[in-house]
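Reader: Please take me through the structure shown below, one question at a time. I should like each answer to give its reasoning before its result.

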Amino acid sequence: MSQTIQDLPGTGPAPQTGPGAGARPDAKSNNPGLFRMLLRDKFASAGAVILLLVLLTAAFGPMLMGDLATRQNLLFANKAPFNPANGWEYFLGSDSLGRSVLARLVVATRTTLAVAVPAVAVAMVIGSLWGVWAGYHRGWRENVSMRVADVIMSFPSLLLAVVVLYVFSPSAANIVLILALTRIPIYLRTARAESAELQSRTFVDAARTFGARPNAIIRRHVIPVVTPTILTLATLEFCYVMLAESSLSFLGIGIQPPDASWGLLVSQGRQYLQTAWWLSIFPGLAIVITAISANMLAAWLRIATDPAQRWRLALPGRRKLIVRLKAKESK
Amino acid sequence: MTALLDRTVADRPAALEVRDVVKTFHVSRSASGNNRLRALDGINLSVGRGETLGLVGESGCGKSTLARTLMLLEKPDSGSVTFDGQDPFSLKGKDLLSWRRRVQMVFQDPFASLNARMTAGDIISEPWATHRGLHRTSREREARLAELLQLVGLRASDARKSPQEFSGGQRQRIGIARALALNPELIILDEPVSALDLSVQAQVLNLLNDLQQQLGVSYIFISHDLSVVRHVTDRVAVMYLGRIIETGTTEDVFERPLHPYTAALMSASPKLDPAARPAERIVLKGELPSPLDPPSGCRFRTRCWKAQDICAAEAPRKRTAAEAGRTVLPMPALRRPGLPVEHLAECHFPLAVPAGPDAARE
């Protein structure tokens, strides 16, 4: 993370930090230390702003563009993007039915997040709590948990999804459940490994000598250390889950049209890839940008919440950026 | 018999009594096909109130296992531990918590024993999260925290700092403050100064001494640094391969060791004063034997220069200094006048002449 910051010049997404960052200090003034540190890292703040935009789009987008997304105009079919003559609705082009790609992208944001966020959250919470518990207690609990994880991982997840979603209806809730179930072992293994190492540390022994209960020790000493790792993993998983959802949609058992998700848009646009590249490239970009932003923020969060590494965010080399930001705000 | 002899005083019963504690670990098979490692092989100890017992011995002799057993981190296979007549291994729930409150521990490594993600204040007040009855209101806790910080020589404002911002000595003070947070009666100090540099060692040792004067706590001081042990302890127990081979007052053990191993240990410790140095050091040959295959009879015989056939055949019983053929002057110990302490060693041929410069010439 720090390497990328050193390697890249301060162009790219940095300009976006200005307005977005200026709007938020009041909201988070109860924790100025963390927020100030976020401002110092331009990539993390860019990631935060982009995620905020995505969330706002998911919240208000369908309200504003719902009609536009379903309005067909066969005269405007397969228009290329970036042509101002077509009007702002068709700025990102149109599909074979003449629907605005921009509007469909905006409307799909909500469906995508509504599937990916709960799926990642459920898998993360269950998997990491289970893993932390198994790793702390060792012995048979650890062995049983690991074998269960092996069974889930060795079972083809797509096959499992197909079976489950054919038997039950392919509703969003079922998709979330099946995606969460197949991704639990990832968190389980990571959390178990860290927790097994932590439970042999001296400060955990010290807590045992006070008579602290295992659950209290897990809560106080194990979870805070494991959380940043798990969060970073979760942002990577976010990308995977979005793509898995799109492959389910492609098989016809995921999100059902007329609903749209980014993954579904990618797979629907694939057959027009040679004639209308924008149909799958833009939803694909949306997935990539969202995932990268989440990852940037998580990587920053990992450093910021670790007292041993926090100094890295306070290096004087970053001062320039803060001065420039302040100058912008004052204008 | 040993129980009677090892007792410090009849009228002031010992706070902590350890009787015949055995702890075996299962490990991968050694060359002789044995997979049971006897880390503790019949340990007998007693610590009086307000007393400091030193526990010395080579690395791997079982000092830390003993400490972990006393803190209930390991369960002994047999034998008993009693503190004030209570056996912690038979206690449960509330009784066990109140037992734990009375016995606390300071760990060796001040860097590993503090959670880097907590502030010093959180670390010191952590025991109160389990022992909720101790300080009920947050105001009481704040006051006690400030008091503890002041007691160990830190500022009240230090409570908000994280462990990384402290030096090694300050971190060890935090560890001591945490051990004191429950007002214990006995603190086990597992090499509390071995990770610190010399000037800081002195600070921490003086702090421990002051705390004992103020609070009247007992210490079990585990160390391999003999000069430190000599400085701070009232009584010393010498451990070798999971057994305590010699006990006595610090002065007796250091000045007039009975067991050849103790004599070798004492002569190995460096001394600044050339006059106090032995003319010839007793240099032990060979390594500490593996506790997986301890020697038969006396455990020290493989490295002992006085070993004879009987040493291999029979485990030596405890002998007092008088039995070893010494004239023992009824000299009261310095720190606790009027309390005679037996000087015992497990050896077939205890050193009759006080070891020192002369002993080495034999």
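Reader: What sign and value does phi of B:Gly216 take just after α7(B)?

Author: This is a predicted model. Helix α7 of chain B covers residues 198–215. Just after α7(B) comes B:Gly216, and its phi is positive, at about 70°.

Reader: How does the reach of helix α7 of chain B stand against the span expected at 1.5 Å a residue?

Author: Helix α7 of chain B has 18 residues. At 1.5 Å a residue, the expected span is 26 Å. From its first C-alpha to its last, the helix is close to that value, reaching 26 Å.

Reader: Within what arc do the buried residues of α7(B) fall, seen down the axis?

Author: The buried residues in α7(B) are B:Gln201, B:Val204 and B:Leu208. An α-helix has 3.6 residues a turn, so residues three or four places apart point the same way. Those of α7(B) line one face of the helix, because they fall within an arc of 70°.

Reader: Which residues are exposed on the other side of α7(B), and which elements do its buried residues pack against?

Author: On the other side of α7(B), the exposed residues are B:Ser199, B:Gln213 and B:Gln214. The buried residues of the helix pack against three elements of chain B, namely α6 (168–180), β7 (218–222) and α8 (226–232).

Reader: Is B:Glu191 buried or exposed?

Author: B:Glu191 belongs to the loop between β6 (186–190) and α7 of chain B. Although B:Glu191 is not a glycine, its phi is positive, about 45°. Because 21 other C-beta atoms lie within 10 Å, where 20 or more are required, B:Glu191 counts as buried.

Reader: What class of exposure does B:Asp84 have?

Author: B:Asp84 sits in the loop between β4 (78–83) and α3 (93–102) of chain B. Phi of this residue, which is not a glycine, is positive and near 60°. With 15 other C-beta atoms within 10 Å, B:Asp84 falls between the limits of 12 or fewer for exposed and 20 or more for buried, so B:Asp84 is partly exposed.

Reader: Why is β6(B) described as largely enclosed by the rest of the structure?

Author: On one side of β6(B), B:Leu186, B:Ile188 and B:Asp190 are buried, and on the other B:Ile187 and B:Leu189 are buried. Both faces of the strand are therefore covered. The strand is largely enclosed because the buried residues number five of the five.

Reader: Over how many bridges does β6(B) pair with β5 and with β7(B)?

Author: B:Met105 has B:Ile188 of β6(B) as its bridge partner, and B:Ile187 is partnered with B:Tyr219 of β7(B). Both pairings are in the parallel sense. Strand β5 (residues 103–106) of chain B pairs with β6(B) over four bridges, and β7(B) does so over five bridges.

Reader: How much of the span that UniProt lists as "domain: ABC transporter" is helix, and how much is strand?

Author: An unreviewed UniProt entry places this feature at residues 16–266 of chain B. The end C-alpha atoms of the span lie 27 Å apart. Its content is 37% helix and 24% strand.

Reader: How many helices and strands are there in chain A?

Author: Read along the sequence, chain A follows the pattern α-α-α-α-α-α-α-α-α-α-α-α-α. Of its 331 residues, 41% count as buried. The chain has 13 helices and zero strands.

Reader: What percentage of helix do residues 113–136 and 276–301 of chain A have?

Author: For "transmembrane region", an unreviewed UniProt entry lists residues of chain A that include 113–136 and 276–301. The end C-alpha atoms lie 33 Å apart for residues 113–136 and 39 Å apart for residues 276–301. Residues 113–136 are 100% helix, and residues 276–301 are 92% helix.

Reader: Which residues is A:Ala304 in contact with, leaving aside its neighbours within four places in sequence?

Author: A:Ala304 lies in helix α12 (residues 278–304) of chain A. A:Ala304 is buried, with 21 other C-beta atoms within 10 Å. Beyond those neighbours, its contacts are A:Leu34, A:Met37, A:Arg310 and A:Leu313.

Reader: Which helix supplies the largest share of the side of chain A that touches chain B?

Author: The contact takes 17 residues from chain A and 21 residues from chain B. On the side of chain A, α9 (202–209) and α10 (214–250) each supply at least two residues. That side divides into 10 nonpolar, four polar and three charged residues. The largest share, seven residues, comes from α9(A).

Conventions: Residues are numbered from 1 along each chain as its sequence is written. Chains are lettered from A and ligands numbered from 1 in the order in which they are written. This is a predicted model: local features need pLDDT of at least 70, side-chain atom pairs count only at pLDDT 80 or more; totals for chains, interfaces and linings use all residues. The expected span of a helix is 1.5 Å times one less than its number of residues. The arc is that of the directions from the helix axis to the C-beta atoms. Two residues are in contact if their C-beta atoms, placed from the backbone, lie within 7 Å. UniProt positions are given in the numbering used here, feature names are shortened, and annotations may be inferred rather than shown by experiment. Ala, Val, Leu, Ile, Met, Phe, Trp, Tyr, Cys and Pro count as nonpolar, Asp, Glu, Lys and Arg as charged, and the others, Gly among them, as polar. Two strands pair if DSSP finds at least two bridges between them.
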